[in-house]
Amino acid sequence: MTSGEAAGDRRKTRRVDGSRIEVALRPRGRLGALPAMAVDFSRYGIAVHIDQPLPKDRPVYLSLRCDELRVDNLVGIVHNCVRQGQRFRCGIRFRPSSELQQDRVEVELALERLERTLLVPETRRA
C-alpha cells in the first residue's frame, strides 16, 4: 500500500486530480507567493507540491484558477507537509468559515463549482 492509498483511506471526501488548477500560495499574509503545483483537490482542501516546507497549522492564502473559475484570497491551514524527493507535498485544509475569510458564502459556492468542474473529464468538456 502506498502512502497515497493510506491517506485516501483516512479521507472523508474524495479528492480529484488537481493538475488543471493554477495555484498561487501566500504563506505570509496576502503578499509573497510561493510557486505551487496542485496535486489533488476537493472543496474542503488541496494538496500541492512546493519547494520549501511549511509548518503544520500555519495559515496560508491561496488563489485557485481552473478554466474560467477563480477563487482568490482563500484562507487555508497547513495540515501536513512532507518531503517527496526534492520538493514537499503540502496538504492544506480550506477554512472558508474563518474570521479571516472575506465573502464566505461566495467562496464556499466557488469551491463547490470548482469541484464539479474537475469531476467532468476534459474530453467531455470540449
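**A walk through the strands, the core and a pocket**

Strand β6 contributes the most to the lining of the second largest pocket, giving 5 residues. That pocket is a convenient place to enter this structure, which is a predicted model. The volume of the second largest pocket is about 170 Å³. Its lining is made up of L69, R70, V71, D72, N73, Q101, Q102, D103, E106, V107, A110 and R113. Two elements, β6 (69–84) and α2 (104–119), each provide at least two residues of that lining. Sorted by class, the lining of the second largest pocket holds 5 charged, 4 nonpolar and 3 polar residues. As for how such a space is found, rolling a probe the size of a water molecule over the atoms shows where empty space is left.

To place these elements, it helps to look at the whole chain. The protein has 7 strands and 3 helices. From start to end of the sequence, the order is α-β-β-β-β-β-β-β-α-α. Of the 126 residues in the protein, 40% are buried.

Next come the pairings between strands, starting with β2. Strand β2 runs antiparallel to β3, and 4 bridges join them. Within β3, the residue opposite V23 is A36. Strand β2 is also joined to β5, again in the antiparallel sense, by 5 bridges. Here E22 faces R65 of β5. So far, then, β2 has been met with two partners, β3 and β5.

Strand β7 can be followed in a similar way. Strand β4 (residues 45–50) pairs with β7 over 6 bridges, in the antiparallel sense. H49 has R89 in β7 as its bridge partner. Strand β6, already met at the pocket, pairs antiparallel with β7 over 8 bridges. The residue of β7 that stands opposite I77 is R93. Strands β6 and β7 form a hairpin with 2 residues between the strands, and in this hairpin G85 takes a positive phi near 70 degrees. Is β7 mostly covered or mostly open? Strand β7 is mostly covered, with 6 of its 8 residues buried.

One buried residue in β6 deserves a short stop. G76 is part of strand β6. Its relative accessible area is 0%, and G76 therefore counts as buried. The C-alpha atoms of G76 and D57 are 9.2 Å apart, while the two residues are separated by 19 residues along the chain.

The buried residues lead on to the nonpolar core. Which members of the largest nonpolar core touch the most other members? Among its 29 residues, these are I21, F41, I46, L62 and L64. Seven names appear in the list of elements that each supply at least two residues of this core: β2 (22–26), β3, β4, β5 (59–66), β6, β7 and α2. Helix α2 gives the largest share of this core, namely 5 residues. Helix α2 is also one of the elements that supply at least two residues to the lining of the second largest pocket.

Helix α2 also contains L111. L111 has a relative accessibility of 1%, so L111 is classed as buried. Between the C-alpha atoms of L111 and L74 there are 9.6 Å, although the two residues lie 37 residues apart along the chain.

F41, named above among the core residues with the most contacts to other members, also belongs to an aromatic pair. The model has 1 aromatic pair by the rule applied here. The ring centres of F41 and F94 are 5.9 Å apart and the ring planes stand at 50 degrees, so the pair is described as tilted. Tilted is the name for angles that are neither under 30 degrees, which would be stacked, nor over 60, which would be edge-to-face. Because F41 is in strand β3 (residues 34–42) and F94 is in strand β7 (residues 87–94), the pair ties together parts that are 53 residues apart in sequence.

Are the two rings' residues buried or exposed? F41 has a relative accessibility of 0% and so counts as buried. F94 has a relative accessible area of 5% and is buried as well. The cut-off behind both statements is that buried means under 20% relative accessible area.

Technical notes. Residues are numbered from 1 along each chain as its sequence is written. This is a predicted model: local features need pLDDT of at least 70, side-chain atom pairs count only at pLDDT 80 or more; totals for chains, interfaces and linings use all residues. Side-chain values use heavy atoms; hydrogens and water are left out. Rings of Phe, Tyr and Trp (its six-membered ring) pair if their centres lie within 6.5 Å; planes under 30 degrees apart count as stacked, over 60 as edge-to-face and the rest as tilted. Buried means under 20% relative accessible area, exposed over 50%, partly exposed in between (1.4 Å probe, protein chains only). On a 1 Å grid over the protein atoms alone, a cavity is a set of points where a 1.4 Å probe fits but cannot get out, and a pocket is an open set with protein on both sides within 12 Å along at least five of seven lines; lining residues have an atom within 4 Å of a point. Grid points are joined across faces, edges and corners, and a volume is the space filled by probe spheres set on the points. Ala, Val, Leu, Ile, Met, Phe, Trp, Tyr, Cys and Pro count as nonpolar, Asp, Glu, Lys and Arg as charged, and the others, Gly among them, as polar. Two strands pair if DSSP finds at least two bridges between them. A nonpolar core is a set of buried Ala, Val, Leu, Ile, Met, Phe, Trp, Tyr and Cys residues joined through side-chain atoms within 4.5 Å.
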